[in-house]
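Okay, thanks everyone for coming. I'll walk you through one model today, so have a look at the screen and stop me whenever you like.

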Amino acid sequence: MIRSVVRGFGAALPKRVVTNRELEETVDTSDEWIVQRTGIRQRYIAGEGETTASLGAEAARKALDNAGLTIADIDLIICATSTPDNTFPATAVNIQNRLGMHHGFAFDMQAVCSGFVYAVSTADLHIRCGMARRVLVIGAETFSRILDWTDRTTCVLFGDGAGALVLEALEGEGTNADRGVLSSHLRSDGTHKEKLYVDGGPSTTGTVGHLRMEGREVFKHAVGMITDVIEAAFTATGTTADDIDWLVPHQANRRIIDGSAKKLGIPLEKVVVTVDLHGNTSAASIPLALSVAAADGRIKKGDLVMLEAMGGGFTWGAVLLRW
Ligand code: ACO
């Protein structure tokens, strides 16, 4: 059977690093509070000329280089984002243009922090159905531009960045030993909208709006939702926590990551954590974390990797893949 196999990875971050200490100068907060509650020590914030599409295109170029491919080899670009350069056209089409690609097709995926998991799952369907042979899957965000910088309960949590994978169709045996995406599990439930949303939009206020979050409420649901989809992936593939080489979670909060790993019985040494470096970069956080762990040699060819995310909507999901 056809499998969607990772052939390359890449990441891009804005030039400017903003530490917790720097935030102390403008927001009523402290490095100690932020580290203790979230594990975040710094985040990258986009400057003039840096946008979701520019960061996404840079991450995509690096993923193509890493894969030893050129843009001519790509059939489809999917960009997961909630912070598009424009309401339309899609950021993926903007990136397609920046990469000089005038064939194939491109579209955005909007599932907030679960966007990258949704995008990998969607890319996998396109590959297995024969609609695309090679797909650039990008998670790119500039959340700094939808934050209310006077709201200390949200503005200290998020950052900007982008990451990308090249997925390629390869023949597999149809067993868990295959490389590539083995199982995807997606969920959403709109009854939780008010707990995490942006208070504007083209069809309501005609403005972009700002992120609003009831942090404690989100926290309450997060671990249960994350473990639900990961257990669904275990059941579907007959695998267990012992089989996993790496858990690469959405990087929202260290306490949520640790709580989920503990509940699943996955030792913390097998969990990739970059929230300390990047903050919560929403749909970009998983591909950024993957790029860090693949570049430093932790994630190796053949490793069994579990991706998971939960975010606004609520949306949540997990993808089990062999690297
Ligand atoms: N600095 C200092 N104090 C603060 C700050 C801050 N930045 N923010 C809030 N506080 C204060 C509050 O005002 C409150 O003070 P009070 O007790 O005097 O009223 C106190 O800290 C505790 O506030 P809580 O909100 O109860 O703090 P909590 O321990 O729940 O931590 C946090 C807050 C970090 C937001 C936590 O709830 C959390 O991580 N929630 C999940 C958020 C999350 O993961 N969101 C991303 C989902 S992904 C997506 O889709 C975008």
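**Odd backbone spots, helix pairs and the ligand**

Let's start in the loop between strand E5 (105–109) and helix H5 (115–128), where you'll find Val-112. Before I say what's odd there, one reminder: this is a predicted model. Right, so Val-112 isn't a glycine, and yet its phi is positive, about 50°.

Where else does that turn up? Have a look at Ser-282, which also isn't a glycine and has a positive phi of about 50°. Ser-282 sits in the loop between helix H9 (275–278) and helix H10 (285–295).

While we're on the backbone, let's do the cis peptides. Phe-88 and Pro-89 are joined by a cis peptide bond, with omega at about 0°. If you want to find Pro-89, go to the loop between strand E4 (76–80) and H4. Then there's one with no proline in it: the bond from Gly-313 to Phe-314 is cis, and omega is near -5°. Phe-314 is in the loop between strand E12 (304–311) and strand E13 (315–322).

Okay, on to helix packing. I've got two pairs to show you.

Take helix H3 (residues 52–67) and helix H4 (residues 91–98): their axes are 9 Å apart and the packing angle is about 55°. H3 and H4 are therefore oblique to each other, and their crossing is right-handed. Who makes the contact? On the H3 side we have Thr-52, Ala-53, Ser-54, Gly-56, Ala-57 and Arg-61, and on the H4 side Thr-91, Asn-94, Ile-95 and Arg-98. Sorted by class, this H3 and H4 contact comes out as 3 nonpolar, 5 polar and 2 charged residues.

Second pair: helix H7 (residues 215–237) with helix H8 (residues 254–264). Here the angle is about 40°, and the axes are 9 Å apart. That angle makes H7 oblique to H8, and H7 passes H8 in a right-handed crossing. From H7, the contact uses Phe-219, Ala-222, Val-223, Gly-224, Ile-226, Thr-227, Ile-230, Glu-231 and Phe-234. H8 answers with Arg-255, Ile-256, Gly-259, Ser-260, Lys-263 and Leu-264. And what's the class split for H7 with H8? We get 8 nonpolar, 4 polar and 3 charged residues.

Last bit, the ligand. How many residues surround it? There are 27, and the closest are Thr-29, Arg-37, Cys-113, Arg-216 and Asn-253.

Let me zoom in on some polar pairs. An N or O atom in the side chain of Thr-29 is 2.7 Å from a nitrogen of the ligand. Arg-216 also uses its side chain: one of its polar atoms there lies 2.3 Å from a ligand oxygen. With Gly-215 we're looking at the backbone instead, where a polar atom is 2.9 Å from a ligand nitrogen. And to tie that back to the helices, H7 is the one that covers residues 215–237.

That's my tour. Happy to rotate the view or go back to any of those spots.

Terms used
Residues are numbered from 1 along each chain as its sequence is written. This is a predicted model: local features need pLDDT of at least 70, side-chain atom pairs count only at pLDDT 80 or more; totals for chains, interfaces and linings use all residues. Side-chain values use heavy atoms; hydrogens and water are left out. Axes are lines fitted to C-alpha atoms, for helices over the stretch in contact, and angles run from 0 to 180 degrees between N-to-C directions. Helices (H or I, at least four residues) and strands (E, at least two) are DSSP runs, numbered from the N terminus. Angles under 35 degrees count as roughly parallel, over 145 as roughly antiparallel, 65 to 115 as roughly perpendicular and the rest as oblique. A crossing is left-handed if the near helix is turned anticlockwise from the far one by less than a right angle, and right-handed if clockwise. Contact means heavy atoms within 4.5 Å. Ala, Val, Leu, Ile, Met, Phe, Trp, Tyr, Cys and Pro count as nonpolar, Asp, Glu, Lys and Arg as charged, and the others, Gly among them, as polar. A residue is near a molecule or strand if one of its heavy atoms lies within 4 Å of it. A polar contact is a pair of N or O atoms within 3.5 Å; within protein, one must be able to donate a hydrogen and the other to accept it, and residues adjacent in sequence count only if both atoms are side-chain atoms.
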